[in-house]
Amino acid sequence: LRRFYPNKFPIEAITVKLGFEGMDFSRIKTLCEELDVPYTIIDTEIANVIFDIRKEENPCSLCARMRRGLLNSTATELGCNKVALGHHADDLIETFFLSMCYESRLSTFAPVTYLSRSNITVIRPMLLVREKDIIKASRDLPIIHNPCPADKHTQREYVKDMLKNISRDVPKLHEKVLSAIIHPDRYHLF
């Protein structure tokens with residue numbers, strides 16, 4: 001985007017390292033150097049806090065809050081005013097179903113959110129892109145495996161599987177749900 005966007009802007013890359021052993025971010029560091037993007041790694045003990053100290057049964061929510069807090073505060077320290085997250089269309093839809101099924105509310109995240117306490121604007125530039133398309137496009141990028149013991153054993157994974165099963169009977173399910181979420185008349189509820 002920086003190559004052709006008319007308004008010039010600097011970029012900083014930030015990784016919140018959760019404290020799992022054996023995670024090597026050197027390939028990401030190399031990519032950032034090739035792209036002339038400063039790269040910051042934040043070392044944390046989030047995994048230890050969540051799994052060993054607090055022994056969370058549902059660790060994802062607390063982990064996400066802790067990661068976002070560190071990401072936002074680090075971005076502020078680096079002089080950034082925006083944080084771009086990698087949420088995609090499938091994340092948006094899954095979050096909608098998670099909120100409906102587990103929180104009894106119709107909710108999901110917005111493409112742009114201003115956080116007044118940190119003076120950061122969170123943007124989600126890939127929000128309308130399907131996960132499968134991102135996977136295809138990222139084949140040559142350095143991907144770091146997530147060693148979290150909760151990975152693939154979460155409510156989000158359950159909802160992902162549920163949507164996959166429903167989509168066998170409902171053609172273009174993801175497109176229809178995404179359209180319902182972003183449709184301007186979505187508030188015609190009881």
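## Helix 4 and a hairpin: worked exercises

In this predicted model, the axes of helix 4 and helix 6 come within 9 Å and cross at roughly 105°.

**Exercise 1.** Classify the crossing of helix 4 and helix 6, then describe their contact.

*Solution.* Start with the angle, roughly 105°. Angles of 65 to 115 degrees count as roughly perpendicular, so helix 4 is roughly perpendicular to helix 6. Next, list the residues. Helix 4 supplies Asp91, Ile93, Glu94, Thr95, Phe97, Leu98 and Tyr102. Helix 6 supplies Gln155, Arg156, Tyr158, Val159, Lys160, Met162 and Leu163. Finally, sort by class: eight nonpolar, two polar and four charged residues.

**Exercise 2.** Check the length of helix 4 (residues 89-103) against the expected span.

*Solution.* Take 1.5 Å a residue. For the 15 residues, the span should be 21 Å. The end C-alpha atoms lie 20 Å apart, which agrees. Just after the helix, Ser104 has a positive phi of about 60°.

**Exercise 3.** Decide how enclosed helix 4 is, and name its packing partners.

*Solution.* Buried means under 20% relative accessible area. By that cut-off, 11 of the 15 residues are buried, so helix 4 is largely enclosed by the rest of the structure. Among them are Ala89, Leu92, Phe96 and Ser99. The buried residues pack against helix 5 (131-137), helix 6 (155-167) and helix 7 (173-182).

**Exercise 4.** Describe the pairing of strand 4 with strand 5.

*Solution.* Strand 4 (residues 112-115) and strand 5 (residues 120-123) run antiparallel, joined by four bridges. Thr113 stands opposite Val122 of strand 5. Four residues lie between the strands of this hairpin, where Asn119 takes a positive phi near 55°.

Key:
Residues are numbered from 1 along each chain as its sequence is written. This is a predicted model: local features need pLDDT of at least 70, side-chain atom pairs count only at pLDDT 80 or more; totals for chains, interfaces and linings use all residues. Side-chain values use heavy atoms; hydrogens and water are left out. Helices (H or I, at least four residues) and strands (E, at least two) are DSSP runs, numbered from the N terminus. The expected span of a helix is 1.5 Å times one less than its number of residues. Buried means under 20% relative accessible area, exposed over 50%, partly exposed in between (1.4 Å probe, protein chains only). Contact means heavy atoms within 4.5 Å. Two strands pair if DSSP finds at least two bridges between them. Axes are lines fitted to C-alpha atoms, for helices over the stretch in contact, and angles run from 0 to 180 degrees between N-to-C directions. Angles under 35 degrees count as roughly parallel, over 145 as roughly antiparallel, 65 to 115 as roughly perpendicular and the rest as oblique. Ala, Val, Leu, Ile, Met, Phe, Trp, Tyr, Cys and Pro count as nonpolar, Asp, Glu, Lys and Arg as charged, and the others, Gly among them, as polar.
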